[in-house]
Amino acid sequence: MLGVCYYPEHWPESMWAQDAQEMAALGLKYVRIGEFAWSRIESAPGVFHFEWLDRAIATLADAGLSVIMCTPTATPPKWLIDLYPDILPVDVKTGTTRGFGSRRHYDFSSENFFREAMRITEVLGQRYGEHPAICGWQTDNELACHDTTHSYSANAKAAFQQWCQQHYGNIDNLNQAWGNVFWSMEYQNFQQIELPYLAVTETNPSHNLAYRRFSSDQVIRFHDEMIAILRRYAPNRFITHNFIPMSDTQTDNAALAKQLDFVSYDNYPLGRTDLFFANAATPNFKRYMRTGHPDYASYAFDQSRGISHGPFWIMEQQPGPVNWARHNPRPEPGMVRLWSWQAFAHGAATVCFFRWRQVPFAQEQMHAGLKRTDNSPATAYAEIQQLKQELAKLPALPETPVVAEVAIVTETVAQWVTEIERQGDSYNQQQVEFAYYSALRKLGITVDFIGQDADLSAYKLIIAPCLPIVSKAFVDRCARSNAALVFGPRSGAKTPDLTLAPNLGPGLLQQLIPVKVLSVETTRPDCHDALHFADKTYESARWREELSEHADLMVVARYHDNTPAIVQAQHNYYIGTLTCDTFLYDFFAALAKQYGITTVQLAEDLRLVRRGDLTFIFNYGATAATLNLPATTQFVVGSNQINPFDVVIYR
Amino acid sequence: MLGVCYYPEHWPESMWAQDAQEMAALGLKYVRIGEFAWSRIESAPGVFHFEWLDRAIATLADAGLSVIMCTPTATPPKWLIDLYPDILPVDVKTGTTRGFGSRRHYDFSSENFFREAMRITEVLGQRYGEHPAICGWQTDNELACHDTTHSYSANAKAAFQQWCQQHYGNIDNLNQAWGNVFWSMEYQNFQQIELPYLAVTETNPSHNLAYRRFSSDQVIRFHDEMIAILRRYAPNRFITHNFIPMSDTQTDNAALAKQLDFVSYDNYPLGRTDLFFANAATPNFKRYMRTGHPDYASYAFDQSRGISHGPFWIMEQQPGPVNWARHNPRPEPGMVRLWSWQAFAHGAATVCFFRWRQVPFAQEQMHAGLKRTDNSPATAYAEIQQLKQELAKLPALPETPVVAEVAIVTETVAQWVTEIERQGDSYNQQQVEFAYYSALRKLGITVDFIGQDADLSAYKLIIAPCLPIVSKAFVDRCARSNAALVFGPRSGAKTPDLTLAPNLGPGLLQQLIPVKVLSVETTRPDCHDALHFADKTYESARWREELSEHADLMVVARYHDNTPAIVQAQHNYYIGTLTCDTFLYDFFAALAKQYGITTVQLAEDLRLVRRGDLTFIFNYGATAATLNLPATTQFVVGSNQINPFDVVIYR
Amino acid sequence: MLGVCYYPEHWPESMWAQDAQEMAALGLKYVRIGEFAWSRIESAPGVFHFEWLDRAIATLADAGLSVIMCTPTATPPKWLIDLYPDILPVDVKTGTTRGFGSRRHYDFSSENFFREAMRITEVLGQRYGEHPAICGWQTDNELACHDTTHSYSANAKAAFQQWCQQHYGNIDNLNQAWGNVFWSMEYQNFQQIELPYLAVTETNPSHNLAYRRFSSDQVIRFHDEMIAILRRYAPNRFITHNFIPMSDTQTDNAALAKQLDFVSYDNYPLGRTDLFFANAATPNFKRYMRTGHPDYASYAFDQSRGISHGPFWIMEQQPGPVNWARHNPRPEPGMVRLWSWQAFAHGAATVCFFRWRQVPFAQEQMHAGLKRTDNSPATAYAEIQQLKQELAKLPALPETPVVAEVAIVTETVAQWVTEIERQGDSYNQQQVEFAYYSALRKLGITVDFIGQDADLSAYKLIIAPCLPIVSKAFVDRCARSNAALVFGPRSGAKTPDLTLAPNLGPGLLQQLIPVKVLSVETTRPDCHDALHFADKTYESARWREELSEHADLMVVARYHDNTPAIVQAQHNYYIGTLTCDTFLYDFFAALAKQYGITTVQLAEDLRLVRRGDLTFIFNYGATAATLNLPATTQFVVGSNQINPFDVVIYR
């Protein structure tokens with residue numbers, strides 16, 4: 001299904017009816033509204049204005065559209081901030097209060113805001129919870145965007161002290177767990193605990209990790225309470241939230257998704273590519289400047305699927321150039337349709353476009369919509385018309401599952417550990433994980449993202465690119481699994497409090513593979529060494545562990561000095577180093593062959609994925625390709641010839 | 001005429017008389033004094049010391065010199081700051097108070113400082129207004145230098161709220177004009193308005209532009225009041241101000257110049273080249289490291305002429321290495337003379353050198369003067385002796401006008417719009433405008449800088465490299481003009497409140513050329529595409545607009561994908577993209593030919609300009625050149641052979 | 001002798017005895033303890049716990065080890081901070097208080113901390129001063145680390161005002177000395193004086209230099225008082241302090257060392273190389289990534305020897321990868337031994353390793369030790385076993401002096417001047433000095449670092465790479481010296497208050513060589529010019545002085561425009577420019593030949609140094625080399641063939 005984001009409060013009421021009719025004609029089913037409308041709903045404390053919203057909903061419903069209502073808590077109005085100035089968060093890097101004037105200007109530890117946010121949620125729930133035109137709710141908007149999970153406020157400090165008390169019981173436990181003896185950092189009571197910022201030099205990693213966990217818990221507490229209120233007033237409506245990329249939330253994403261019916265994702269491949277690949281060399285970057293990296297969008301799709309109870313949604317799909325990246329290119333013709341199909345192929349139920357019409361004012365006036373500010377249709381409009389027709393051939397799509405033989409084990413805490421403990425400036429957990437994922441995708445392998453608590457039985461190959469803290473239960477489940485297991489560097493190296501595993505890295509994973517990490521070195525990214533694997537030479541770079549030798553270990557790859565770099569015990573592998581993309585491709589190709597996982601040889605810019613009985617091929621490149629499919633192939637969309645930026649779907 | 005900046009308070013009184021005699025002997029007519037002397041004039045509240053200043057003026061007058069007196073308001077003394085701590089400005093990037101200890105430590109919104117600054121102005125006016133040795137006044141010093149136009153202070157906030165009230169009348173107008181509904185940013189009253197800084201993410205562009213206008217108005221209010229006081233006490237004396245580069249004032253420069261008799265400019269070609277071309281590649285940069293870019297100084301001269309009522313002055317001319325750029329090279333031998341001649345050629349009446357003698361202490365001890373700290377003459381001294389002799393041949397110079405057939409339309413608000421709305425990190429309004437200007441100068445074309453309110457009748461070609469906000473009156477005047485009109489990307493795209501033109505870009509300019517900007521993309525500077533023009537291929541880069549096609553439009557240049565990049569309707573041109581220097585040169589060469597504008601073919605480092613019946617040629621290069629002028633040429637300075645760093649003047 | 005750093009409070013008491021026995025077996029004689037143990041010694045105000053420390057000392061003593069006790073003042077506990085919040089320092093770049101949570105969170109101007117630090121010193125002195133197992137004391141830890149010398153606190157301001165009063169007597173003297181008239185910066189009384197930070201633009205260099213001197217004095221006041229207390233209670237024990245690199249202390253290192261028995265240095269070649277050579281090109285950097293630059297460690301050794309009364313110590317020797325640089329490589333096999341030998345060769349009496357065992361918690365959990373966290377011996381362990389055996393052959397080493405024919409004159413104030421007065425962004429005093437030093441070391445020349453007050457009679461060649469402020473006494477002593485004297489650019493250019501020398505640079509040095517610096521230019525580092533010397537062409541770069549000509553001057557080298565770059569009068573040389581490493585090598589080779597200084601031709605990665613009758617050769621390279629020593633050579637360690645990362649010692 002398709003949908004769109006709409007802000008009736010931005011437009012004269014005289015335009016609403018035609019907008020609604022055009023939406024319906026374009027094949028859009030869902031319309032998300034109300035997201036930032038707090039100041040229009042409540043213009044002063046307790047002074048409510050629902051008439052316009054009632055009429056907007058009615059107008060949309062009249063056109064046959066289904067409404068997704070939002071809680072407007074991402075944008076508390078000025079009068080609320082003036083009533084309770086402690087709502088404003090404090091910058092952890094500078095100690096400066098982050099003021100009113102944009103959005104997300106609230107501190108998750110402000111009890112005043114917590115109460116007010118739940119009050120407006122309740123008010124909206126009471127009025128619209130059972131409204132027949134409203135099919136579901138979105139909570140807040142892009143929680144944690146703009147680095148708003150962490151705050152250096154007095155409220156945050158007090159709440160963190162309480163969290164520590166609940167977590168550690170008494171102060172000796174905390175001192176012991178964090179190793180506070182190290183620099184006489186021992187606390188005598190919980191009221192002495194500071195936030196781990198703005199000290200003379202780096203603060204205790206354990207202290208930092210505790211603060212990250214606390215901050216994540218605060219977001220989830222806020223979110224879960226909001227969901228609970230909506231559940232009370234809005235029976236039989238779905239509740240979802242529109243996630244930003246998982247690495248940007250600074251929140252345990254799986255926990256954040258737990259109480260939702262399904263996860264939504266806001267998909268901006270070009271803006272994200274501009275930021276994520278900012279350091280890429282010119283030809284590498286330019287190649288995907290107007291398409292996004294072929295694996296970036298699907299990386300987010302597969303992550304979203306991994307934490308969603310039902311098929312995920314795209315709640316916001318980039319429809320043209322945006323305004324917020326460092327550079328904001330125009331998508332190549334066809335990419336809006338391609339990204340949409342790619343979302344469906346990776347398991348999406350619905351794709352909503354952001355936004356119906358480009359608004360001529362305020363911060364996002366340069367952000368494209370489906371229609372231009374003069375109400376003419378923008379480029380993406382025709383692509384959606386085509387999409388509508390193509391979708392009509394595939395009525396049952398949302399129910400068909402995506403099935404993967406390969407899983408990547410991931411979790412937010414791994415990101416936190418690597419951000420807290422840099423050790424080498426060029427280690428980036430997201431880029432490490434993405435490199436593994438991208439190598440698998442180039443081989444045509446479908447990938448699930450799972451947590452440590454997942455059922456492992458479905459997989460032939462399970463990969464943990466970076467999992468510094470492992471649980472005993474997970475390791476036990478790994479031990480019982482028949483899958484090939486691959487662990488990247490840092491895996492198992494840490495205890496839950498971010499101290500070193502007492503038996504050296506990979507800690508509890510030594511139950512699976514009897515290797516010890518004797519030392520770790522990090523190097524400048526331009527200073528790599530050779531990595532020898534299967535008669536070829538690759539690169540070892542940035543992070544390099546010294547591995548012990550052991551009679552039960554087979555050495556799979558060696559460093560330039562002939563010491564072990566990758567070792568194997570039965571079907572378990574430990575990789576001691578970061579490396580290059582070509583190594584990952586060849587290594588996983590070899591494993592796939594060995595463990596019976598199907599791979600596909602495709603041109604560099606093509607990607608293939610299967611959903612149910614459908615196979616999708618996407619061409620991210622500027623040149624057409626011939627697919628060499630058998631003559632009997634039953635094409636749903638396209639043919640044996642795939643054009644630039646085009647999609648082929650067949651059974 | 002020539003002059004010099006002098007600080008008698010820096011030197012023993014015993015040196016003054018000889019200094020004055022040497023100045024006169026060097027051909028210097030004007031001496032600027034008193035600029036930073038507040039603490040010596042008023043050592044405590046109301047405790048004045050004029051005797052030394054009286055004697056200094058008398059000493060200079062005795063040598064036949066004419067004195068320019070300054071208001072010392074750029075350096076309020078410590079006792080004044082301690083009396084009124086709210087004088088100190090607040091950093092808009094950090095919220096930190098900017099302390100005492102250097103200069104310009106005042107907030108234009110401090111009413112205490114406003115009153116005190118006018119008080120000391122009045123005191124000086126009363127004492128020296130009619131002093132026979134004083135020919136004119138300089139207000140303050142380099143207003144806005146060191147980013148002092150904007151302040152995050154409580155005073156600035158209160159004054160901005162008042163400004164908004166006066167500007168918008170009621171709060172609904174403001175909310176409407178700024179589009180505050182967008183993120184529930186609506187205000188209920190003017191007292192709620194915040195300054196547009198230190199918010200969670202970017203603040204509203206309209207809000208920002210209003211604050212820029214307000215801040216500019218505050219500078220002008222301060223300046224105009226000071227001028228009014230001086231006018232009262234100093235009849236028949238000129239009043240001027242020494243401007244820094246126009247892009248650094250964050251003030252409407254034309255408005256700032258309005259009440260002055262003429263504009264002065266502080267000309268530091270090497271320091272400015274170091275900063276403006278900081279990202280230039282080694283050979284490009286080194287080429288002009290010790291000369292300044294051939295077009296940089298004249299760019300400022302032509303801008304100064306554009307906003308000056310009478311012939312502009314150079315109030316400070318770099319005499320050797322300075323101390324404040326990132327790197328501070330020594331001028332090539334002859335450059336101080338060359339820059340001075342260049343100023344005269346572009347319309348200057350007087351060139352004053354900064355400063356008589358290098359001072360051995362404080363912040364500028366490494367900044368050269370005409371004399372060294374040991375009182376020996378520095379390198380520039382001999383160049384000025386030569387200049388004096390050459391000038392003696394040209395008594396009438398100041399009255400001769402500079403006449404241009406080509407104008408660049410510019411205004412400070414265009415810079416503000418592009419700074420507020422980045423959209424692409426590599427768009428820089430000054431560099432865009434400079435590239436256009438430099439292409440014209442390489443063709444030997446004289447350029448006027450004009451505002452939207454200027455008379456257009458004198459020009460054959462009028463170019464607006466970047467003019468996002470255009471007035472109806474300007475467009476009407478363009479429509480009546482016979483000149484060729486060229487508009488760069490972003491032109492006309494915005495309303496005066498920095499929202500998008502409702503009929504799409506170029507907004508009101510569609511009256512001149514029926515093109516619509518359908519979308520805008522920005523790209524990484526290293527990722528450019530082809531631009532096809534007149535059978536050659538150039539570069540389209542950084543900013544690229546999608547242009548509509550129209551029956552009345554001729555396509556002048558096309559993008560790599562064959563869509564229109566530059567369009568023409570009659571003699572009006574719209575350029576949808578940023579491009580490369582070679583394109584601009586070839587494009588303007590073609591236009592000049594078509595519209596009958598004389599161009600000159602010169603070696604790359606030569607520049608030619610005409611003033612009255614004089615032609616000036618400057619050699620910025622390290623190699624001599626032969627000019628091939630007719631045998632009948634009447635040389636005033638130099639000959640047919642131009643040496644490195646030399647000047648030739650002929651009739 | 002060898003030693004180790006140990007933290008008994010980090011480990012179960014049950015491990016202590018075995019640790020001590022293993023230390024003794026490894027040949028370690030000294031154990032440093034107590035460094036960060038304040039919270040374990042005093043858990044609340046006046047609540048002391050000495051029993052554990054008594055037992056730890058006893059355990060070590062029982063194994064025959066000798067204990068170095070530390071004052072734990074680098075880590076004041078939380079209860080102390082809460083009692084006296086003014087202990088916390090304030091960041092001079094932001095004005096933000098630097099909080100608790102790491103170490104060195106104290107302000108040298110907090111009288112509360114001063115009193116408390118001396119109290120705990122006295123308490124420890126009383127208890128352990130005459131303890132027979134304790135051979136000496138370390139004061140605090142790495143004073144000034146993490147930029148803690150400077151503070152923007154109210155305490156620092158008040159103390160600085162007092163310092164100024166004592167220094168200048170009356171405010172007119174101060175205004176005169178600093179040239180405060182320049183921008184009306186004159187003070188009327190000492191209470192008005194601000195700290196030289198957070199002003200609108202750069203503050204007065206004289207003001208800055210005074211604040212640097214004051215801050216240095218505050219560190220020394222603190223340190224000297226601590227030493228005085230220890231002297232009172234700990235007779236016949238040595239007192240030392242573990243220095244970080246001299247350029248990082250922001251303190252007059254010679255003055256800081258004055259009351260100590262000897263200087264200790266914390267030697268981390270890899271971490272320091274990562275930071276000091278951060279801008280080096282890939283091959284240059286990678287070459288020494290795992291060895292450290294061949295001259296970096298010895299640079300620190302020779303500096304330490306220069307300010308130490310007796311043979312210096314290495315108090316902390318890097319034993320493997322550390323955690324605090326941007327990248328943290330593993331030392332090549334053998335480097336821990338090599339660095340240790342190199343320290344002895346350059347004059348060290350003792351090398352202590354940091355630390356006995358890697359601790360699994362807190363900030364330094366990724367910092368290697370001699371043993372791993374699981375108590376297995378790390379790589380360095382075996383290298384120390386070898387070292388122990390080799391040392392056994394050289395019992396008398398500590399008493400043998402290092403004798404140098406060449407001295408570099410250095411002082412902290414030179415660094416301050418160049419940091420305060422940038423003039424060119426690419427001038428770095430440490431890198432300038434290091435380049436001179438490294439050129440000498442490549443020639444096999446032993447170098448002393450001396451101050452201006454040193455006896456010059458022992459040297460044949462005395463070099464001041466950067467000495468902006470020279471004393472009359474020093475110049476007089478130079479005049480009486482028979483050594484060749486070489487002064488780098490900026491030498492003698494400034495008065496003690498950081499104003500320009502009245503007779504131009506090199507100021508008082510004109511007594512030695514009649515040259516005047518007519519002007520100074522600085523250039524972008526990529527824009528160098530030719531430097532002509534002895535028929536070859538080198539580079540002049542970054543800093544270039546215009547030198548006067550004089551009948552008594554011989555021109556040694558010339559700039560690209562043929563003007564003098566290096567001049568000579570008798571045996572005195574003045575260098576007007578920064579240049580390249582090859583020039584420095586050739587220039588000093590020529591001088592060495594002329595003045596009878598022995599040089600040695602070695603492969604690029606070899607270094608040679610002599611101590612007494614021993615010659616040491618170190619191979620920093622990855623390839624073996626043959627030394628071609630005579631057959632009669634008496635080898636103590638190694639042979640005529642030197643392996644990669646190996647050491648040869650012979651008589």
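How many residues does the contact take from chain A and from chain B? It takes 58 residues from chain A and 51 residues from chain B. The model behind these values is predicted.

**The A–B interface**

Together, chain A and chain B bury about 4,600 Å² between them. Carbon and sulfur atoms carry 52% of that area. On the chain A side, three residues lose the most area to chain B: Arg330(A), Gln363(A) and Met366(A). Together they make up 15% of what that side buries.

Charged pairs also cross this interface. The rule finds eight salt bridges between chain A and chain B. One of them involves Arg330(A), already named for its lost area. Its partner is Glu521(B). The closest N and O atoms of this pair are 3.7 Å apart. A salt bridge needs such a nitrogen and oxygen within 4 Å, so the pair Arg330(A) and Glu521(B) counts.

**Annotated domains of chain A**

UniProt lists several domains for chain A. The three below come from an unreviewed entry, as the record says of each: residues 5-394, residues 404-597 and residues 606-651.

| Domain in UniProt (unreviewed entry) | Residues of chain A | Helix | Strand | Distance between end C-alpha atoms |
|---|---|---|---|---|
| Glycoside hydrolase family 42 N-terminal | 5-394 | 41% | 11% | 24 Å |
| Beta-galactosidase trimerisation | 404-597 | 24% | 30% | 10 Å |
| Beta-galactosidase C-terminal | 606-651 | 0% | 50% | 18 Å |

**Strand E1 of chain C**

Now turn to chain C. Strand E1(C) spans residues 2-5. Are its faces covered or open? Both faces are covered. Leu2(C) and Val4(C) lie on one side, and both are buried. Gly3(C) and Cys5(C) lie on the other, and they are buried too. Why this split? In a regular strand, side chains alternate between the two faces of the sheet.

Which strands pair with E1(C)? Strand E2(C), residues 28-33, runs parallel to E1(C) and is joined to it by four bridges. Within E2(C), Val31(C) is the bridge partner of Val4(C). Strand E10(C), residues 350-353, also pairs with E1(C) in the parallel sense, over three bridges. Here Leu2(C) stands opposite Val351(C).

A helix completes the picture. Helix H1(C) covers residues 13-25. Together, E1(C), H1(C) and E2(C) make a right-handed β-α-β unit. Thus E1(C) belongs to that unit and also pairs with E10(C).

Terms used. Residues are numbered from 1 along each chain as its sequence is written. Chains are lettered from A and ligands numbered from 1 in the order in which they are written. This is a predicted model: local features need pLDDT of at least 70, side-chain atom pairs count only at pLDDT 80 or more; totals for chains, interfaces and linings use all residues. Side-chain values use heavy atoms; hydrogens and water are left out. UniProt positions are given in the numbering used here, feature names are shortened, and annotations may be inferred rather than shown by experiment. Helices (H or I, at least four residues) and strands (E, at least two) are DSSP runs, numbered from the N terminus. Buried means under 20% relative accessible area, exposed over 50%, partly exposed in between (1.4 Å probe, protein chains only). Two strands pair if DSSP finds at least two bridges between them. A crossover is right-handed if, with the strands pointing away from the viewer, the path from the first strand over the helix to the second runs clockwise. Contact means heavy atoms within 4.5 Å. Buried area is the accessible area (1.4 Å probe) that two parts lose on being put together, summed over both. A salt bridge is a side-chain nitrogen of Lys or Arg within 4 Å of a carboxyl oxygen of Asp or Glu.
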